[in-house]
Amino acid sequence: MIAPQPPRWARNVLRLLHPGNTLEETEGDLDELYAYWYRRSGKAQALLRYVLNVFSVLPPFVRRRQDASESDQPFPLNPDMLKNYFKIAWRNIVRQKVYSGLNIAGLSIGMACSILILLWVQNELSYDRFHEKAGQLYRLTCNAGDFKAAVTPAGLARGLQQQMPQIEASVRLSKPVTSLFEAGDKKFEEKRVFFADSNFLSVFSFPLLKGNAATALSDPGALLITDEMAAKYFGNEDALGKILRRNNGENLKVAGVLANARANSHLQFDFIIPMSNLARTDNDLKTDTWGNFNFYTYFQLAENADRSVPGLHKLTARMFEIYKAHGQTLKIGFQLQPLTDIHLHSDLQIDLAGHGNIQYVNIFFVVAIFILVVACINFMNLATARSERRAKEVGLRKVVGAGRYQLVLQFLGESLIFSFLSLFIAVGMVVLMLPVFKMLTEKALTIHLLDGKLWASLSGIAVLTGLISGSYPALFLSGFAPVKVLKGKIRVAGANLFFRNGLVVAQFVVAIVLLVGTAVVYKQLNFIKNRNLGFDKSNLLYVPMTGEIGAKKQSLKGALSQDPLTANFSIISDLPTALVSGTTDLEWPGQVARNEVIIPSLDVDENFVSVFKTRVLAGRGFSRAFSGDSSSYIINEKAMQIMGMNLANAVGQDIVFSETKGRIIGVVKDFHFKSLQYAVEPLVLRLNKWGGFVIVRTQAGSNEAAIAALENINRQLNPAYPFTYGFLDKDLDNLYRSEKQMGDIFNLFAGLAVFISCLGLYGLSAFMAEQRNKEIGVRKVLGATVAGVVALLSQDFLKLILIAIVVASPIAWFAMDKWLQDFAYQTSIDWWVFVLAGILAASIALITVSFQSIRAALMNPVKSLRSE
Amino acid sequence: MRRTYLGEFEELVLLMIAILDGQAYGMTVSQEIEQHTGRIVTLGAIHNTLIRLEEKGFVKSELGGATMERGGRRKRLFRITALGSGAARDIQQLRSKLWEMLPDQTFKFSSI
């Protein structure tokens, strides 16, 4: 018997709407029921009930069966699938060589830049962390108002330690003392010479290679030298116990050989002499003064001492109490500076040279990330732009059962392959570029290629880059609907275009910000270089007066004035590059409060005004014609203002400076005697009675001859000392070396960021030109000119660059304005800087795009149109 | 342990599955309920209840037993689980306990 069949339309409705996983059983049940009703109640009744029952199993009435067990997804990381993924990835890389090349080049350059910058950042951050007790070590610094200094009085360290149980140990270090050392026939002037307390080696972790660490610094007639110096003076011989003659006078025995000072230590020394040696002659040490600020003091705090910020505040407050109780009237503040902060967080005067700047570390860290982001954006852009090529693959994979997450995994995996390929190339680039970068930064940067930690962090960067750059293409591609894709109906959606344009804009924002930054840094450096310092800095040759020459001042003066090359000379106590002296000891008539301002002083001779070409605003300079000048003072404008005087009444006033009474005989126009990061400070000029530096103003072009003449004079008067000299303008330029370095590095990375962006743009324009192939053909047939077509293809990109300029300008302005605030004298950030950076970026972009657009425009339209 | 709620119709379907003993699928359950209770139920109601019972763990199912009448389509055959029979027995015990607690006049009233 043939079972009666239910109406086909009702069954079709059922098949269309009933959930797929229960269709078979439900359809069968309904068929059986229909046959049953048909037999029992006839066709009409059966039909009615059948339709009713069909509706009862249609949505929204039907309950869906949840079963995953029936058709399990295969394990996505099946080895066969993995093999296939790799194969497809490799084929794609090989087939689209230009595109893959652009991608890998962009990514690897970006990574190489970031690795270089991060190496530098890591080096900056590693300073002084190698000391075993780094966490307990602090440097005592002080400030009087805005004047912050790294030095403290000689007697303070022990005085404080005695009264504060929190201080476990204290070490004092002198300022570096340039000394002449001699061993056998070897004789050199050394600059990195320090006097240190005997516990120097137990507080700091500087390894002693030879000698007894416990007693090394206890004998005042001994000294420690570094390995490098041992080789320099004694060659292959054992340096221990050998004699070094210092300043042609005392003989010091080498009591130990230190390892060379590590590059990432803020203390850079070659010789350490016991403090007890200096104590024989130094007045500060003899009197254990609490008033003269001349030594660097380091404290080792107890392990259980409260070293939080408020805890340290309490300690410094207590220090000030002790200081006041000692009878000091100076109004100063004390700070405990963590040892590990010294390199990056110091903005102190009278400090050891060579400090870094945390701001630059931050800036470059951000730059590193930006460059990496720019490279990632390249990848995203090219991958999505070319997605049509992969669309059919995605469609087919979906048809044969790929889930979306499988596709996401596949594309992410592909971008990871790209990023790891790039990583290896990047590491190669880093190894090649490191010597150049080392020269640029003047840092001892190294990359240890066998270091597991390094590779772990590099892999981290690669994974991050791969995931970030792969995420958008992966999500975008895996979202294709298979039917549409396989019918060939896929068109790049508007949202996708918008996103891509946004990415291009972001890239150029970064590039333009970096370009503006470079321009402003160079502008500021130029501004500083060309700023009128208040004296003429060109052609000023100086020779330090060392050794016996101090005692032979009269014969020196005679010798200098006899030679016309050196006749225009002056003797000055300190060079006006980075003056480090200062006292608060100044009294003037009508003074309200004492000891409020730090006043530097400079000892000059009668020729100062004429040699330096400074301007005397009131009164006169020192002169031999006036016998009483040895107790007279000249002040600068700033000092005059501080003392509440004016040009009319300043001359003739009596002041007490450094406990010496004298009369003001002149006021000079302000001139700079420190880095332009500081505003001009008050200054008192005294008549030079001892020495310092001989400064000669030479004639332009006769420098060589003048140097020869000076060397000759030195040989006659000071045969035991080697001749050294310098140019003041070069020293002044050196003050801004770290800024110049930053400018150079910035310039390099701005260039690279632009280059990487252009790689992306090149790929994108190639893609665009290819897509609009037919359009261009039709336009040309209808009479469009080559120029017209190029303009058409370029204008889209130009619009994006314009948007980028608008977005980047305020960001760049804000960032650079902040940087400039570090300087007391700032250049202006002019509008033309932005215009220049914008035009530069736009023209580079246009040139890049034009490669493709001109080629597209020149193509014979027959080629692009004949196939249709 | 939280007792799973069993509705009146669910209980009916569950009992039918137990009675049909391996022959329970959508069509037979619906036919039996119609025959024994006189209620006219839609397949949709049965279908949903079966799925719900399976989700609650009272019954389990497997596909099988294709016949000519159904055009060769497989049936989903249901079988009661231990949990299901336990739940049915619990309800039965609760009922009889409650019945015993009824005072006598209730019968009188109900018999009027």
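## A walk through the predicted model

A:Lys613 sits in the loop of chain A that runs between α19 (608-612) and β19 (616-619), and in this predicted model its phi is positive, at about 60°, although the residue is not a glycine. That is worth pausing over, because most residues other than glycine have a negative phi. A:Lys613 has 14 C-beta neighbours inside 10 Å and therefore counts as partly exposed, since that class lies between the limits of 12 or fewer for exposed and 20 or more for buried.

A:Asn539 can be read in a similar way: this residue lies in the loop between α17 and β15 (540-544) of chain A, and its phi, near 60°, is again a positive value in a residue other than glycine. Because A:Asn539 has 18 C-beta neighbours inside 10 Å, it counts as partly exposed. Another backbone feature appears in the loop between α2 (23-56) and α3 (79-95) of chain A, where A:Pro60 is found; the peptide bond that leads from A:Pro59 to A:Pro60 is cis, with omega near 10°, whereas most peptide bonds are trans.

From the loops we can turn to the interior of chain A. The largest nonpolar core has 86 residues, and those that touch the most other members are A:Ile371, A:Phe508, A:Ile512, A:Leu514, A:Val516, A:Phe749 and A:Ala753. Several helices of chain A supply at least two residues each to this core, among them α4 (97-125), α14 (404-441), α17 (494-530) and α23 (737-771), while α12(A) gives the most, with 17 residues. To see one member in its surroundings, look at A:Ile512, whose contacts beyond four places in sequence include A:Ala804, A:Ile805, A:Ala808 and A:Gly838. A second core, separate from this one, has 65 residues and includes A:Phe194, A:Leu201, A:Phe293 and A:Ile332.

An unreviewed UniProt entry places the feature "domain: ABC3 transporter permease C-terminal" at residues 366-477 and 748-861 of chain A. In the model, the span 366-477 is 87% helix and 0% strand, and its end C-alpha atoms lie 31 Å apart; the span 748-861 is 85% helix and 0% strand, with its end C-alpha atoms 42 Å apart.

Finally, chain A meets chain B in a contact that takes 21 residues from chain B and 21 residues from chain A. On the side of chain B, at least two residues each come from α2 (26-37), α3 (43-56) and β2 (75-80), and α3(B) gives the most, with seven residues. The residues on this side of chain B divide into six nonpolar, eight polar and seven charged.

Methods:
Residues are numbered from 1 along each chain as its sequence is written. Chains are lettered from A and ligands numbered from 1 in the order in which they are written. This is a predicted model: local features need pLDDT of at least 70, side-chain atom pairs count only at pLDDT 80 or more; totals for chains, interfaces and linings use all residues. A nonpolar core is a set of buried Ala, Val, Leu, Ile, Met, Phe, Trp, Tyr and Cys residues joined through C-beta atoms within 7 Å. Helices (H or I, at least four residues) and strands (E, at least two) are DSSP runs, numbered from the N terminus. Two residues are in contact if their C-beta atoms, placed from the backbone, lie within 7 Å. UniProt positions are given in the numbering used here, feature names are shortened, and annotations may be inferred rather than shown by experiment. Ala, Val, Leu, Ile, Met, Phe, Trp, Tyr, Cys and Pro count as nonpolar, Asp, Glu, Lys and Arg as charged, and the others, Gly among them, as polar.
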